[in-house]
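Student: I have a structure open and would like to learn how to read its features. Could we walk through a few together?

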Amino acid sequence: MRKTKLYMDTVVDIQVVSGKWSKEETEVKINRAFEAFQQVEQACSRFSPDSEVTKACQWIETAVPLSPFLFEPLKFALEIAEWTDGVFDPTVGKAMEEQGFNRHYLTGEFIESPSADVVTYRDLILNEEDHTLYLRKPLVIDLGAVAKGFAIDLAANELKEFPGFMVNAGGDLFAGGVDETGNLWKVGIQHPKHKDLIIHTLEISNEAICTSGGYERTSTKGNGNHHILHPKLKQSPKEWVSSSVIAPFAMLADAFATALFLLEAERGKALIEQAELTGILISSDLQIITVGGI
């Protein structure tokens, strides 16, 4: 069974090898998987004035309790920020707004959020005991590099009893078990310059693969920037056109794909190897470079 819905400005495609499960039982589980995307979007979307993260950012120097749908991805984003010394930084939201990434994909409404001139992830304090967030100064949290992966993982958890399934959110995906033919899932990485072509194919099972590419969403400011911004330089790196990471779960693959894209080459490769992951980089002249023994 296969179903598709729209969440997070992305087409989410869920495919299930149902085995002994009835059609009705399969539909219930697929619907629960889609609900995971809805819950994460309601918690983590900086584009919605009603989302949990937008409301939380309105409280400065006040501890605000968070739901698990916001706390967990934010905690993970801060861990990656520490790993990369702030090259990956969830407080990049205001810089994203200034580059024109400030329009809600459903309503078309533009947002303009208050923020201090200089912010870093160190201006966020998470308390793991009471699951609260404390902001030192006004800022905009962007969880675009972890929230989709988190939603994929929650959806995959709803489908884990099936002999096979795939949760594919715009090319970021988790493939569980085996496909309809009993083989590993075959997935392709989109060609950066020819959207209808596949530049690299691999087979996976019980793993996630996420890709960061600068070709999908470009800045409306006409300055060559795209939606992956270096938070310190306020510029988009040009060394790679695509970076993919394969990992045991999607939030890990999602965050490391972005970090790999942002870091300079040797440091990015070292990060992937240190985390014992594998990755595929595509340079601006379309050379394919593998990392981590893939």
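Student: Happy to start with a single side chain. Is Asp13 buried or exposed?

Tutor: Keep in mind that this is a predicted model. For burial, look at relative accessibility: under 20% is buried and over 50% is exposed. Asp13 has 15% relative accessibility, so it counts as buried.

Student: Which residue forms a salt bridge with Asp13?

Tutor: To read a salt bridge, look for the N and O atoms of the two side chains. Asp13 pairs with Arg2, and their closest N and O atoms are 3.0 Å apart. The pair links distant parts of the chain, with Asp13 in strand 2 (residues 10-17) and Arg2 in strand 1 (residues 2-7), 11 residues apart. Arg2 is exposed, at a relative accessible area of 55%.

Student: How many salt bridges are there by this rule?

Tutor: The count comes to 10. One of them joins Glu97 to Lys94, with the closest N and O atoms 3.3 Å apart. Both of these residues lie in helix 4, three residues apart, which is about one turn of the helix. Glu97 is buried with a relative accessible area of 5%, and Lys94 is buried with 16%.

Tutor: Another is formed by Asp172 and Lys148, whose closest N and O atoms are 3.3 Å apart. Asp172 belongs to strand 7 (residues 172-177) and Lys148 to helix 5, so this pair ties together parts that are 24 residues apart in sequence. Asp172 and Lys148 are both buried.

Student: Now a helix. Why does the distance between the end C-alpha atoms of helix 3 agree with its number of residues?

Tutor: Use 1.5 Å a residue, multiplied by one less than the number of residues. Helix 3 (residues 68-83) has 16 residues and should therefore span 22 Å; its end C-alpha atoms are 22 Å apart, which agrees.

Student: Which residues of helix 3 are buried?

Tutor: Among them are Leu70, Phe71, Leu74, Phe76, Leu78 and Ile80. Next, ask what covers them. The cover for the buried residues of helix 3 includes helix 1 (23-44), helix 5 (147-159) and helix 6 (250-262), along with strand 4 (124-127) and strand 5 (132-135).

Student: What is the phi of Asp85, just after helix 3?

Tutor: Here is the general idea: most residues other than glycine have a negative phi. Asp85 takes a positive phi of about 55°. Its place is the loop between helix 3 and helix 4, and Asp85 is partly exposed, with a relative accessible area of 45%.

Tutor: Met8 also has a positive phi, about 55°, although it is not a glycine. Met8 sits in the loop between strand 1 and strand 2 and is buried, with a relative accessible area of 18%.

Student: In what order do the three strands of the open sheet come?

Tutor: To read a sheet, follow the pairing from strand to strand. The order here is 3-5-4, and the pairing is antiparallel. Strand 3 (64-65) and strand 4 are the edge strands, each pairing on one side only. Two bridges join strand 3 to strand 5, and Pro65 stands opposite Thr132 in strand 5.

Student: Finally, the surface. Which residues make the nonpolar patch of about 290 Å²?

Tutor: For this, look for nonpolar side chains at the surface. The patch is made by Leu6, Val11 and Leu106. Leu106 lies in the loop between helix 4 (93-98) and strand 4, and its 57% relative accessibility is why Leu106 counts as exposed.

Terms used: Residues are numbered from 1 along each chain as its sequence is written. This is a predicted model: local features need pLDDT of at least 70, side-chain atom pairs count only at pLDDT 80 or more; totals for chains, interfaces and linings use all residues. Side-chain values use heavy atoms; hydrogens and water are left out. Helices (H or I, at least four residues) and strands (E, at least two) are DSSP runs, numbered from the N terminus. Buried means under 20% relative accessible area, exposed over 50%, partly exposed in between (1.4 Å probe, protein chains only). Contact means heavy atoms within 4.5 Å. Patches are made of residues with over 30% relative accessible area and no salt bridge: like charges are joined within 9 Å, nonpolar side chains (Val, Leu, Ile, Met, Phe, Trp, Tyr) within 5 Å. Accessible areas come from the Shrake-Rupley method with a 1.4 Å probe; for residues, only the protein chains shown count as cover. A salt bridge is a side-chain nitrogen of Lys or Arg within 4 Å of a carboxyl oxygen of Asp or Glu. Two strands pair if DSSP finds at least two bridges between them.
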